[in-house]
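Visitor: I am new to this structure and would like a close look at a single part of it. Please choose a part of the interior and walk me through its surroundings.

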Amino acid sequence: MIRKGTNEDIDTILEITKACAIDMISKNIQQWNSKYPNRSAFENDVARNELYVLEEAKKIIGCLVLSTKMDAEYETIDWLTPNSNNLYVHRVAIHPDYQGKGWARKLMNFAENMANKNEFTSIRLDTFSKNARNQKFYELRGYKKLGSIYFPKQSEHPFYCYEFVL
């Protein structure tokens, strides 16, 4: 089940993202760290009504953020569609104990269905340049890699921006 996230979910989500960070670091993927993602980011997501959680047997196992706000870092990208009616996906996480079982696919199906239902032009997201698994995941879904951006507080390496035209 996928539902709106609340402030009461944030502690659990932070446990999940910390577990994801530890798992990625063990694979030499320095994508998330102690500074990101953080409580403040998720509190803002809840306040904007953009946080969704994934539950299995009434236990939160993952999350994602669906936003209509374009981050300033995205302004340098030559997007396929105009910057007016786009859905942005952020902070996708599945607890490592549940990865590889199709849960991320379910989250992205949810995002794509919501985007279609609400008549967005496209879905945009970024993923870490050193995370080949995520890149393959999005590319197999039809997302097009368009350019690189940097989040200096997260990594010295770039993040690749993707867009899926609906």
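**Starting from a cysteine**

Guide: Let us begin with Cys20, which counts as buried because its relative accessibility is 5%, and buried here means under 20%. Please keep in mind that this is a predicted model. You may wonder how many disulfides there are; the count comes to zero. Cys20 takes part in none, and the nearest cysteine sulfur belongs to Cys63, 7.9 Å away. The view from the other end matches: Cys63 is in no disulfide either, and the sulfur of Cys20 is its nearest cysteine sulfur, at 7.9 Å. Cys63 is buried too, with a relative accessible area of 1%.

Cys63 brings us to the part I would like to show you, the largest nonpolar core. This core has 27 residues, and Cys63 is one of those that touch the most other members, along with Trp32, Phe42, Leu51 and Ile149. Several elements supply at least two residues each: the helices α1 (10–26) and α2 (39–47), and the strands β2 (51–56), β3 (59–67), β4 (86–94) and β7 (159–165). Helix α1 gives the most, with seven residues.

To see the core from within, find Phe42. Leaving aside its neighbours within four places in sequence, Phe42 is in contact with Ile10, Ile13, Leu14, Thr17, Pro37, Leu51, Cys63 and Arg91. So which of these partners deserve a visit of their own? I suggest Thr17, Pro37, Arg91 and Leu51, all of which you will find in that list.

Thr17 sits in helix α1 and is buried, with a relative accessible area of 3%. Beyond its neighbours within four places in sequence, Thr17 is in contact with Trp32, Pro37, Phe42 and Ala93. Notice that Pro37 turns up again here.

Pro37 belongs to the loop between α1 and α2. The peptide bond leading into Pro37 from Tyr36 is worth a look, for it is cis, with omega near -10°.

Arg91 is a partner of Phe42 placed in strand β4. Its relative accessible area is 13%, so it is buried. Its backbone also stands out in the model: phi of Arg91 is near 50°, a positive value in a residue other than glycine. Asn49 has a positive phi as well, near 65°. Asn49 lies in the loop between α2 and β2 and is partly exposed, with a relative accessible area of 48%.

From that loop, go on to β2, the strand of Leu51. Five of the six residues of β2 are buried, so this strand is largely enclosed by the rest of the structure. On one hand, β2 pairs with β1 in the antiparallel sense over three bridges, and here Arg3 stands opposite Val53 in β2. On the other hand, six bridges join β2 to β3, and these two strands also run antiparallel. In this pairing Leu51 stands opposite Val65 in β3. The two strands form a hairpin with two residues between them, and in the turn Ala57 has a positive phi of about 50°. In a regular strand, side chains alternate between the two faces of the sheet.

Now return to the core for a moment, remembering that α1 gives it seven residues. Apart from this core lies another, of 21 residues, which includes Leu66, Leu107, Ala111 and Phe164. Leu107 and Ala111 are also among the buried residues of helix α3, together with Trp103, Met108, Glu112 and Ala115. An α-helix has 3.6 residues a turn, so residues three or four places apart point the same way. Helix α3 covers residues 103–117, which makes 15 residues, and reaches 21 Å from its first C-alpha to its last, close to the 21 Å expected at 1.5 Å a residue. What covers its buried residues? The cover includes the strands β1 (2–4), β2, β3, β4 and β5 (122–128), as well as helix α4 (132–140). Just after α3, Glu119 takes a positive phi of about 60°.

To finish, step back to the whole chain. Over residues 1–166 it is 30% helix and 28% strand, with its end C-alpha atoms 24 Å apart. For those residues, an unreviewed UniProt entry places the feature "domain: N-acetyltransferase".

Methods. Residues numbered from 1 in each chain as written. Predicted model: local features only at pLDDT ≥ 70, side-chain atom pairs only at ≥ 80, totals over all residues. Heavy atoms only, no water. Core = buried A, V, L, I, M, F, W, Y, C linked by side-chain atoms within 4.5 Å. Buried < 20%, exposed > 50% of the residue type's maximum accessible area, 1.4 Å probe, protein only. Helix = DSSP H or I, 4+ residues; strand = E, 2+ residues; numbered from the N terminus. Contact = heavy atoms within 4.5 Å. Disulfide = S-S within 2.5 Å. Expected span 1.5 Å × (residues − 1). UniProt positions renumbered as here; feature names shortened; annotations may be inferred. Pairing = 2+ DSSP bridges.
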